[in-house]
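The exercises below are to be worked with the sequence and the model open. Each task is followed by a solution in steps.

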Amino acid sequence: MPPPGSPATEIVRRAEARRQRDLLKTGALQTAILNSANFSSIATDEHGVIQIFNVGAERMLGYLAADVMNKITPAEISDPQEVIARAQALSVELDTPITPGFEALVFKASRGIEDIYELTYIRKDGSRFPAVVSVTALRDAQEQIIGYLLIGTDNTARKQAEEALIKAGALQSAIFNSANFSSIATDARGVIQIFNIGAERMLGYAAADVMNKITPAEISDPQEVIARAQALSVELDTPITPGFEALVFKASRGIEDIYELTYIRKDGSRFPAVVSVTALRDAQEQIIGYLLIGTDNTARKQSYEYARSLLEASLDPLVTISAEGKITDVNQGLIKVTGMTRLNLIGTDFSSYFTEPEKAREGYQQVFARGFVTDYPLTIRHKDGRLTEVLYNASVYKDASGNVLGVFAAARDVTERQRLDRALKETNTALEGAKIAAESANLAKSEFLSSMSHELRSPLNAILGFAQLMDSGSPAPTLAQKDSIDQILQAGWYLLELINEILDLSLIESGKLSISLETTNLVEVLADCQAMIEPHAHKEAIQLHFITPPNALCVMADRTRVKQIFVNLLSNAIKYNRAGGTVEVTASAVGTERVRISVRDTGHGLSADKLAQLFQPFNRLGQEGGVEEGTGIGLVVSKRLAELMGGTIGATSEVGVGSVFWVELDSALAVYPFVHAVAPAAVGHVPAAVGAPVRTVLCVEDNPANLLLVASVLARRTDLRLISAKDGRGGVELARSAQPDVILMDINLPGISGITALRILAGDAATAHIPVVALSANAMPTDIEKGLEAGFFRYLTKPIKIAEFMHTLDLALLYASAHPGLHRAGHPEVL
């Protein structure tokens, strides 16, 4: 013990006046660490207030013990930003909120984890130095935390200090004299050089038995050493030899390492130990040895395993809670219903895992007041949102003196029973509520998809528009440029196709897809499909054969949706065909009420189990063969569309031969009178005739790329002059002053929308006669219907197809010439 009147004795005297008397009675700190000037040893009470501040701490930090004892916590002499950063890092690592401050410095230690970290200490004079700090929770005989021990070393001169430490025998005066720690120092090869009295007591060897003779690996369980080498080899992706290297590998890389290991005593008996390993280095940063400090983990492990066995014996969620309401232990049952790890649960507020925390706390108070509660109803919330309804039975538990230490609680899962009870009490009101909720969800989904469609179509408009301009520009692109442009166009139109498929499926599922049944001539529809699909078939070296009757074959269907189904089936037949294969399309009457259209390919065919999955969402045909393009919902959309039109769709297939996809629709009683304007794709646009008058086109567009695209397209026509406005109000004013022949109007504009601008124009006699064409990325069917109902002459969706765009513009110009001054609102189709 230090002589009377010395600073260390004064420290002990002050500490004994407080709750740490149990800690100091052992005398271990004085003889182990506190008398060393080479370590800052700071002991606190359980709240973090400093109780012991040794001579090493005084020397390193410049404070006297009296300056800090019973006044501040170690957090107040630490870099505040590093303390905050540590709290944040631990919060993420352990998935639990940790308050910046002293809690961040001792959180791991409070959970029973030996913790070593680097931190910047701030001296009394304001200067700073890096320190390596080891933290241990101090506990009384009842395993309650009574404080914390923070042992720090000045890392600035760490390498020189370590060498001097060995030479000057400071280790003996600091740690090695403690009988409570086995302290073993080795040379760089692992041969034991120092074997302290704690090691002698724990392992039964005299120092002379092992020093300069063996390595620590030879007193360790060989199977555990081998297992550790294998685990580290996998973790660090480098081969590690079983033996001493496995015990110190991390430390040799500058990583402070703590692990559990079984030591073997001289008499052959074994005990579990917690071992902390540090590499010792000289002034040149060369490793000169290793320090292994171990503690006997037998008692803790035995008591822990006994308690764990009791907890895990039950399938029900079990928990022990301290008097302060903090979780002290849990079993697998509680881990399962909360979705949290044991480490993340321990030390947290027990009530935070219930849907009604206040009710949980009320039940907890009842346990303390009555000694127990029975069948107390609560609901546990899993971290993923799942709920488990339970009935809690809880009672207090006490120490040997009868003092209440906390609460032991067991929960019985009654979720299924409660669910069945509620099922018996369900009413039509509940069903109506579910219907309203579903409608609300569908509405939200539709709004989201509409917004998504607009946001995706706007950039696609510019990409595809300019690609089309480059493709048809003058001078013509080179072969290499042509290949690149074709790739851009192919990818762009393909992306647009995927967007449309997703939107169609959403509209179908929400019941909002508009289907217009009319007498439709299948021969004409198939001819259109053939014209659309032939370039693709030719590129893939696939032969197309369309076998249709000479007379009109009509069905009651939505012409656009029928074409969509056939194009999908034809695209699949080409995509999954053999090289040089064929696709055959036939159409014939089935009795007097139905018509069947079949698409036969010569692909690899599908097995019965694959065939059964064809019309399921996101099932992508042929992915086992390496073809994985598409969303996998094209056939699903086709099936739903056929069903909405009163039809059916199906398939047959034979592996090695090919597949047949067929659609049956209701036959129409009369042939559809096919009176139709010239198809836009066939018209395109041509240069103006010599001497043709110049016509003015006003484009109201806030997207510069889209405006530039329109300007580039119109620049090819000498009879067109473009003027523009960037918002709705500006467009209205410019229309009044410039009197353009045609107006191209975006919908989503700054200030007022395109629809509002249209209504203003229609209500003004000076502009009511001007045809206004919508040019918008709002492409949902409801958007188009809303636009046409508002009075737009035509409604074009982005990305635009230039031929279709120019055809529509020509129609609008023709209308403007034929009906000067005629109000066109309510007559969107008049030409």
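Rings of Phe, Tyr and Trp (its six-membered ring) pair if their centres lie within 6.5 Å; planes under 30 degrees apart count as stacked, over 60 as edge-to-face and the rest as tilted. The structure is a predicted model.

**Exercise 1. Classify the ring pair F350 and F354, and state whether each residue is buried or exposed.**

Solution.
- Step 1. The structure holds 10 aromatic pairs.
- Step 2. In one of them, F350 and F354, the ring centres are 6.4 Å apart, and the limit for a pair is 6.5 Å.
- Step 3. The planes of F350 and F354 meet at 75°, and over 60 degrees counts as edge-to-face, so this pair is edge-to-face.
- Step 4. Buried means under 20% relative accessible area. F350 has 9% and is therefore buried; F354, with 6%, is buried as well.

**Exercise 2. Describe the pair Y364 and F368, and place it in the aromatic cluster.**

Solution.
- Step 1. Y364 and F368 are edge-to-face, with 5.0 Å from centre to centre and 75° between the planes.
- Step 2. Both residues belong to helix α17 (residues 357-370), where they are 4 residues apart, about one turn of the helix.
- Step 3. Y364 is buried, because its relative accessibility is 6%. F368 has a relative accessible area of 31% and is partly exposed.
- Step 4. One aromatic cluster is formed by F350, F354, Y364, F368 and Y392.

**Exercise 3. Which rings have the charged end of R228 or the residue R794 over them?**

Solution.
- Step 1. For R228, the ring is that of Y259, and the charged end sits 3.8 Å from the ring centre.
- Step 2. For R794, the ring is that of F793: R794 lies over its face, at 4.7 Å from the ring centre.

**Exercise 4. Work out which strands stand at the edges of the open sheet of 5 strands.**

Solution.
- Step 1. Strands of a sheet pair through backbone hydrogen bonds, either parallel or antiparallel.
- Step 2. In this sheet the pairing is antiparallel, and the order is β12-β11-β15-β14-β13.
- Step 3. The edge strands are β12 (327-330) and β13 (372-381); each has a single partner strand, so one side of each has no neighbour in the sheet.
- Step 4. On average, neighbouring strands of this sheet are turned by 30° against each other, direction ignored.
- Step 5. At the β12 edge, 3 bridges join this strand to the antiparallel β11 (residues 318-322). Here T320 stands opposite D329 of β12.

**Exercise 5. Find the strands that α17 lies across and those that helix α18 touches.**

Solution.
- Step 1. α17 lies across β11, β13, β14 (387-398) and β15 (404-413), and runs at about 160° to β13.
- Step 2. Helix α18 (residues 415-424) packs on the sheet and touches β14 and β15. The direction of α18 makes about 135° with that of β14.

**Exercise 6. How many bridges pair strand β21 with strand β22, and how many residues lie between the two strands?**

Solution.
- Step 1. β21 (residues 648-654) and β22 (residues 658-666) pair over 7 bridges in the antiparallel sense.
- Step 2. The bridge partner of G650 is W662 in β22.
- Step 3. The two strands form a hairpin with 3 residues between them. In the turn, G656 has a positive phi of about 90°.

**Exercise 7. Count the disulfides, then state whether C529 and C554 are buried or exposed.**

Solution.
- Step 1. The structure holds 0 disulfides.
- Step 2. C529, with a relative accessible area of 0%, is buried.
- Step 3. C554 counts as buried too, at 6% relative accessibility.

Terms used:
Residues are numbered from 1 along each chain as its sequence is written. This is a predicted model: local features need pLDDT of at least 70, side-chain atom pairs count only at pLDDT 80 or more; totals for chains, interfaces and linings use all residues. Side-chain values use heavy atoms; hydrogens and water are left out. Buried means under 20% relative accessible area, exposed over 50%, partly exposed in between (1.4 Å probe, protein chains only). A charge sits over a ring if NZ of Lys or CZ of Arg is within 6 Å of the ring centre and within 35 degrees of the ring normal. Two strands pair if DSSP finds at least two bridges between them. Axes are lines fitted to C-alpha atoms, for helices over the stretch in contact, and angles run from 0 to 180 degrees between N-to-C directions. Contact means heavy atoms within 4.5 Å. A disulfide is a pair of cysteine sulfur atoms within 2.5 Å.
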